[in-house]
Amino acid sequence: MKQGSSVVLKVMAGAGFVFLYAPIIALIVYSFNESKLVTVWGGWSLKWYVELFRNEQIMSAAWVSLKIAFISATMASILGTLAGFVLSRMRKFAGKAMLTGWVTAPLVMPEVITGLSLLLLFVSLENMFGWPAGRGVTTIVIAHTTFCLAYVAVVVQSRLASLDETLEEAAMDLGAKPASLFFLITLPLIAPAIISGWLLSFTLSLDDLVIASFVSGPGNSTLPMVIFSKVRLGVTPEVNALATLMIVTVSIAVIAAIVIMHRQNRFKDANK
């Protein structure tokens, strides 16, 4: 019975991996297709990778997306860390429940509602104060920071909730001031959570399509917007090449992270 159940589990796992990764493998293979028709195989070629780097629209959109993702992730990490620290450490203050709701609302709010509300906000601000003047990189950064902040706050708050507070209490008993306590004790302990929040925010910002479509303007299209507009007219080999490069980059980053974590675990085990 155990052997039979083991075979069934292996078959189910194999089917799951095929279901998940077969389309990705097909996309990678067809990115090397000579033919302009993505469904017709015309032989192996790097032609579309060359054409991809010559496509100014895609390259410009990629640079805009990377810039927005970096700025948004950094701002969200700073503000989210502060919000998570306040919600975790300051247990009693007026309006805490309201602040908690405001911070976590983007997690459950539909992206269409978030994008529409931010668009109305920017239009109202422009009419009253003249800022922001139109929609562009600035409005996208603000929008992405708004919803990424919630993810960072939740991650940091969870880390602080599991943190041993006796370390901070010991530092205070030794005369550490609040600022020194935060930067020398608390911040290094929650650094992995902040880094995780930054990476998550960077990925979410880079991947966002719906919210960016509401708050962007002419000449400031992000990479997902450009890809979506091209896919609507039919998938081109250039899109396959771009997707392959993104898959390879992410795979290298994941493998590097696994190797680093494995080495750290071996180092810790060796020092025990």
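# A guided tour, from salt bridge to surface patch

Select E126: this residue is partly exposed, with a relative accessible area of 27%. The model you have open is a predicted one.

**Stop 1: a salt bridge**

Keep E126 selected and add R135. Their side chains meet in a salt bridge, 2.7 Å from N to O. R135 is partly exposed too, because its relative accessibility is 26%, between the 20% and 50% cut-offs. How many salt bridges does the structure hold? It holds two. We will visit the other one later.

**Stop 2: helix α5**

Now select residues 111-129. This is helix α5, with 19 residues. At 1.5 Å a residue, α5 should span 27 Å. Put a distance label on its end C-alpha atoms. They are 26 Å apart, which agrees with the expected span.

Next, color the buried residues of α5: T114, G115, L118 and F122. Turn the view until you look down the axis of α5. The buried residues fall within an arc of 95°, so they line one face of the helix. Why can residues that are spaced along a helix share a face? An α-helix has 3.6 residues a turn, so residues three or four places apart point the same way.

What covers these buried residues? Show α6 (137-161) and α9 (210-215), which are among the elements that cover the buried residues of α5. Then look at the face of α5 turned away from the buried side. Select L120, N127 and M128 there; these residues are exposed.

Step off the end of the helix. G130 follows α5, and its phi is positive, near 80°.

**Stop 3: the second salt bridge**

Move to helix α2, residues 47-54. Select R54 and E51. Both residues lie in α2, three residues apart, about one turn of the helix. Their side chains meet in a salt bridge, with 3.8 Å from N to O. Is R54 buried or exposed? R54 counts as exposed, at 60% relative accessibility. Its partner E51 is partly exposed, with a relative accessible area of 27%.

**Stop 4: E238 and N240 in helix α11**

Keep E51 in view and add E238. E238 touches E51, along with W48, L52, N55 and I58, leaving out residues up to four places away in sequence. E238 lies in helix α11. This residue counts as buried, because its relative accessibility is 13%, and buried means under 20%. For a sense of scale, select A13 as well. The C-alpha atoms of E238 and A13 are separated by 32 Å, and the two residues are 225 residues apart along the chain.

Stay in α11, which covers residues 237-270, and select N240. Is N240 buried or exposed? N240 counts as buried, at 7% relative accessibility. Which residues is N240 in contact with? Show L27, Y30, S31, V38 and V235; this list leaves aside neighbors within four places in sequence.

**Stop 5: a nonpolar patch**

Go to helix α1, residues 2-30, and select I24, which is found there. I24 is partly exposed, with a relative accessible area of 30%.

Switch on the surface. Add F17, F19, L20, Y21, I25, V29, W41 and W44 to I24. These residues form a nonpolar patch on the surface. Together they have about 990 Å² of accessible area. That is the last stop.

Definitions and conventions
Residues numbered from 1 in each chain as written. Predicted model: local features only at pLDDT ≥ 70, side-chain atom pairs only at ≥ 80, totals over all residues. Heavy atoms only, no water. Patch = residues over 30% accessible without salt bridge, like charges linked within 9 Å, V, L, I, M, F, W, Y side chains within 5 Å. Areas by Shrake-Rupley, 256 points an atom, 1.4 Å probe, with all protein chains shown as cover. Salt bridge = Lys/Arg side-chain N within 4 Å of Asp/Glu carboxyl O. Helix = DSSP H or I, 4+ residues; strand = E, 2+ residues; numbered from the N terminus. Buried < 20%, exposed > 50% of the residue type's maximum accessible area, 1.4 Å probe, protein only. Expected span 1.5 Å × (residues − 1). Arc of directions from axis to C-beta. Contact = heavy atoms within 4.5 Å.
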